[in-house]
Amino acid sequence: MSVLIKGGRIVTASDDYVADIFIEKERISLIGSNLKVAADRVIDARGKYVLPGAIDPHTHIEFPFGATTTCDTWTSATTAAAAGGTTTVVDFCVQTPGKSLGAALDSWHKKMDKNKPVIDVGFHMAITDLKKPETMKELAAIDEAGITSYKLFMAYKGAVMVDDTTLFKVMRQAKEKGAVVMVHAENGDAIDVLVKDAQAKKHTLPKYHASTRPVETEGEATNRAIQLSRIAGSTLYVVHVSCKQSIDPIAHARENDWDIHGETCPQYLFFDESYLDKPNFEGAKWIYTPPPRPKEHQDHLWHALNKDVLSVISTDHCPFNWKGQKTLGRKDFAMIPNGGVGIEDRVRLIHHYGVTKGRISLNRMVELLSTGPAKYFGLYPRKGTISIGADADIVIFDPKKKWTISKKTSHCLADHNLYEGRKVTGTPVVTLVRGKVVVEDNKLVVTPGHGQYIKRANYGSKLLAKGK
Ligand code: URP
Ligand code: ZN
Ligand code: ZN
């Protein structure tokens, strides 16, 4: 099936021009003015942006967490992603403490074989336990499975948190293999003490989630991870940065050309801690970690995104229903599953509040949502840009179309949308993955299973399509 996209405004991280794109055999084969080629389908993109598909490098799909499991399936989450202009996700495959990395990988593949994805997928490996000596050997070989980034949680004590010995050993291994180390940076030991204090005082409400995870716990852990990675000589990527205390050490590191990088997520740009106070336990919807912060941190985050102190906007999509899942913590905030809904609206939100409000340029939006994650996570230049030979992962985005974000039009299975009722200008209208239209006018038009597992290249290496 060949596709000709006519007359759109092609925007990449560096370019902005009007041209036609011809797609054959899943890839972009021609870009030019007034292309005269016969195609099975012609899409009129005049007046629209033609963007490289967004990449979400931070999701938790069908993820068993605490006493429950995230409520989207691989099919629903990736349909939502595609409807919102995302064409690849890199999800966290998480080692069950005491079990092998191979068991985690098998279980993640099995879930995806059952509820098939509609967009492309890669995995990071989250290491939670190195007690068995063979785990390190497994890690050394995990690049054969296309996994070139390792994640460690410095929080969630008693569940998936690692100690500094584990963190440091993994960093050394990453240096050896050319992998990226990703950290959830919060001081889990201090937080554990603060949570127990709050419980002893019968502080049960959602707002105590924020007061027991102060910004300093994130700042301290970010700095600790940076310093350890300096000793190990590894590349560090700090996930879901939420506050100035974490931005500052990353800025310092980058000013000194250290190999330190960071992302933030829409929930930290658009919600503050007051959301946790919503009445009737509704605040539990905003229990994610790190927690929503005081409002002033939002300006620091936008500034960091603009100055490339933070280089990616991911979603940390970790959806739980309010009813039956968030409500597990009605009597104790610490029992509320941590995670928020977000995979579907990232591109719309960043376009509306970032680009149309003048906070970032259109090129920077593409860099933060697509090219940046593709480069960090071994997908570039096969993904993350529009160029000849790249996968035809393309979003046709109508910058003038009005859109009201709502659970009613969403493809996520969660019973709520954190952004419910927000009115934005600009929305994806057609999403193609490897040359196939997957979502059109917010409707899924492909059979689940179109999405493929992608084996990713090492950090700094190029991922090329087969036969190139
Ligand atoms: O609250 C969150 N972020 N849940 C998902 C796990 C994590 O920490 O990223
Ligand atoms: Zn995290
Ligand atoms: Zn996460």
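A polar contact is taken here as a pair of N or O atoms within 3.5 Å. In the predicted model, a contact of this kind links Asp 316 to ligand 1, a polar side-chain atom of the residue lying 2.6 Å from a nitrogen atom of the ligand. Taken alone, ligand 1 exposes 260 Å², of which the protein buries 100%. An oxygen atom of ligand 1 is likewise placed 2.6 Å from an N or O atom in the side chain of Tyr 156, and for the side chain of His 58 the corresponding distance from an oxygen atom of the ligand is 3.5 Å. Around ligand 1 there are 13 residues, of which Tyr 156, His 184, Thr 289, Asp 316 and Asn 338 come nearest.

Asp 316 also takes part in metal binding, since the zinc ion (ligand 3) is coordinated by His 58 through NE2, His 60 through NE2 and Asp 316 through OD, at 1.9 to 2.2 Å. The site of this zinc ion is tetrahedral, with angles of 86 to 133° among its 4 donor atoms, and along the chain the donors follow the spacing H-x1-H-x255-D. His 60 is located in the loop between β6 (54–59) and β7 (64–65), whereas Asp 316 is located in the loop between β15 (312–313) and α11 (346–356), so the pair ties together parts that are 256 residues apart in sequence. Because residues under 20% relative accessible area count as buried, His 60, at 5% relative accessibility, falls into that class, as does Asp 316 with a relative accessible area of 7%. A distance of 3.8 Å separates the zinc ion (ligand 3) from the zinc ion (ligand 2).

Methods:
Residues are numbered from 1 along each chain as its sequence is written. Chains are lettered from A and ligands numbered from 1 in the order in which they are written. This is a predicted model: local features need pLDDT of at least 70, side-chain atom pairs count only at pLDDT 80 or more; totals for chains, interfaces and linings use all residues. Side-chain values use heavy atoms; hydrogens and water are left out. Donors are N, O and S atoms within 2.8 Å of the metal (3.2 Å for Na, K and Ca); water is not among the atoms, so sites may look incomplete. Four donors count as tetrahedral if all angles lie between 85 and 135 degrees; four count as square planar and six as octahedral if opposite donors are over 155 degrees apart and all others between 65 and 115; anything else is irregular. Helices (H or I, at least four residues) and strands (E, at least two) are DSSP runs, numbered from the N terminus. Buried means under 20% relative accessible area, exposed over 50%, partly exposed in between (1.4 Å probe, protein chains only). A residue is near a molecule or strand if one of its heavy atoms lies within 4 Å of it. A polar contact is a pair of N or O atoms within 3.5 Å; within protein, one must be able to donate a hydrogen and the other to accept it, and residues adjacent in sequence count only if both atoms are side-chain atoms. Accessible areas come from the Shrake-Rupley method with a 1.4 Å probe; for residues, only the protein chains shown count as cover.
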